[in-house]
Amino acid sequence: MNCNSFSDLIILLSGGINQRRLYAEGHPKVKGMARDFVRQMEDVLVHTGQTGFFFGILNGKFIRDGRFLVGPSIVGRNLVRFAERLRCGGFLLRRGVTEEEVGAFISLGTTLKEKVENLQAAKDLLRSEGIINIDPSPHYREQGPARSGNSTDSSLFDPGLIRFDFEDTGGGADTLSLQQELEPLLPIFQSMYDAIADNNLHASRDENLDVDRTMGVGEELMNVADRQTMDVMNLMRYPDYDSYTIGHSVRVSTLALTVGRAMCWPQHLQTELATAAMLHDIGKAKVPEEILYKPGGLTDEERKIAETHAATGARILMARGDVSPSVIAGAWGHHLRHDGGGYPDTPSWVSRSPVASLLQVCDVFEALTAARPYKAPMPPRRAFEIILKDSRAYDPACLKALIRAVGLFPPGSEVVLNNGCRGFVAAHGPSWEFPVVKVTTHPDGTTLDPDDRYLVNLATEPDIAVDEFRMVKLNGVEK
Ligand SMILES: [Fe+2]
């Protein structure tokens, strides 16, 4: 049983709290989360022969067996905040914990707004909610030095001994290398994720959106794109476990901004573009989730309801009175076709905003190339083939810029070179067929130390070519 199983448990628990923020107590979605969690925890404990499941929290990150786990940190912000309010440094869940206890824990994680006085008060609070088999654990700094042994005691070590490490998501050394390289991009990913998730929540509750903060995050993304040696497009491949909703908007934002920059859009328009991209699907907060998440096809009536999200999103933004027309146009027009058609119904004399045109093609490209619960991601070459078959649907300048900016090998893709070395695409090169590859292994497949990894520009190395190309495996599953 690798540590990925424990990461999955943390993700499930975090997901429960995130869902509970969106749905009322007793909602089937929240109940289902609690049920899945209990079942999976039991499986993991039976396999590992342990009597409980412990995870720690330090500096906003989850820890398991002395390692920071990055994946859960992205989706688990609300669980981290819950731990902060309980003034604890982690949780121990004992074998035998019931669905009802996990359900109550999830609900408390959503409703508790104030910090409790101390750890004892936290324990008392959990007990008063009928949660007997979950214990909040003390902060690391309040505990003694490192101690090995039963992993349910794994909180008992000196924080100084924690190494910053990455969970193995099942993709082996390549995935591990990619995740290490992605580390500088995590803060901006987290900011985007939080801004989108919070705005979705506000919209679902008819509360005011925080558009200023979203614009701030858009500016931050621009700054990161200016500063980083690492192409922000690598965020496209980050295994965030939530590709379907928030992850989609994060990736469309990254993609659109990359293309907008390549088209030399002025700075203020780039900020508006990133903001519009983060908010383009905000209207989905008002589409019933039974339709939004329905597996398989929708009926005509359901499809019409789903399609209202574009106009609804624009109305939500317009109601604020201070949102830039480009951002409103992005929500309204990101499903409008360049040759007319699409939705919502718009008079033919209305000229499309360039923001909406760019978002439209990025939205389609992301949908084709992303992993979904029901489909594997499509290689960019295939996605472009599909898009080009219907090229009249897209603004030609935007489509051309997208193809040039992404290339056939988008940053973050794993590659095997013809000399046997493995690596991943660090940036697209001057030509879309010749990327810049960060080499992470020797020709025999053994991993290079982080300091020894190097960049190869395939445009200037005619003897080196990409032999194999694959998207990153997500969560241990070949996608
Ligand atoms: Fe949409």
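This is a short walk through selected helices and loops of a predicted model.

Let's begin around helix 9, which spans residues 211-227. Just before it, in the loop between helix 8 (186-204) and helix 9, sits Asp206. Its backbone deserves a look: Asp206 is not a glycine, yet its phi is positive, at about 60°. Most residues other than glycine have a negative phi. Asp206 is also exposed, because the count of other C-beta atoms within 10 Å is 10, and a residue with 12 or fewer falls in that class.

Moving into helix 9 itself, you will find Asn223. With 11 C-beta neighbours inside 10 Å, Asn223 counts as exposed too. Its C-alpha lies 9.9 Å from that of Ile188, although 35 residues separate Asn223 and Ile188 in sequence.

Helix 9 also packs against helix 10 (residues 246-262), and the two axes come within 11 Å and cross at roughly 60°. Helix 9 and helix 10 are therefore oblique to each other, and the crossing is right-handed. On the helix 9 side, the contact is made by Leu221, Met222 and Ala225, while helix 10 contributes Ser253, Leu257 and Arg261. Sorted by class, the residues of this contact are 4 nonpolar, 1 polar and 1 charged.

Follow the chain out of helix 10 and you reach Cys264, in the loop that leads to helix 11 (267-279). Here again is a residue other than glycine with a positive phi, about 60°. Cys264 counts as exposed because it has 8 C-beta neighbours inside 10 Å.

Now let's turn to helix 14 (325-333) and helix 15 (354-369). Their axes are 8 Å apart and the helices pack at an angle of about 40°, so helix 14 is oblique to helix 15. Helix 14 passes helix 15 in a right-handed crossing. Ser326, Ala329, Gly330, Trp332 and Gly333 of helix 14 meet Val355, Ala356 and Leu359 of helix 15. This contact has 5 nonpolar and 3 polar residues, and no charged ones.

The loop between these two helices has its own points of interest. Pro344 lies in this loop, and a cis peptide bond with omega of about -5° joins Tyr343 to Pro344. For context, most peptide bonds are trans. Gly341 is found in the loop between helix 14 and helix 15 as well. Gly341 counts as exposed because it has 12 C-beta neighbours inside 10 Å, and 12 or fewer is what that class requires. In space, Gly341 is 8.6 Å from Ala393, C-alpha to C-alpha, with the two positions 52 residues apart along the sequence.

Our last stop is helix 16, residues 380-389. Which residues of helix 16 are buried? They are Pro380, Ala383 and Phe384. These buried residues lie on the same side of helix 16, because they cover an arc of only 100° around the axis. What covers the buried residues of helix 16? The cover includes helix 15 and helix 17 (396-406). If you turn to the face directed away from the buried side, you will see the exposed residues Arg381, Arg382, Glu385, Ile386 and Lys389.

How values were computed. Residues are numbered from 1 along each chain as its sequence is written. This is a predicted model: local features need pLDDT of at least 70, side-chain atom pairs count only at pLDDT 80 or more; totals for chains, interfaces and linings use all residues. A residue is buried if 20 or more other C-beta atoms lie within 10 Å of its own, exposed if 12 or fewer, and partly exposed in between; C-beta atoms are placed from the backbone. Helices (H or I, at least four residues) and strands (E, at least two) are DSSP runs, numbered from the N terminus. The arc is that of the directions from the helix axis to the C-beta atoms. Two residues are in contact if their C-beta atoms, placed from the backbone, lie within 7 Å. Axes are lines fitted to C-alpha atoms, for helices over the stretch in contact, and angles run from 0 to 180 degrees between N-to-C directions. Angles under 35 degrees count as roughly parallel, over 145 as roughly antiparallel, 65 to 115 as roughly perpendicular and the rest as oblique. A crossing is left-handed if the near helix is turned anticlockwise from the far one by less than a right angle, and right-handed if clockwise. Ala, Val, Leu, Ile, Met, Phe, Trp, Tyr, Cys and Pro count as nonpolar, Asp, Glu, Lys and Arg as charged, and the others, Gly among them, as polar.
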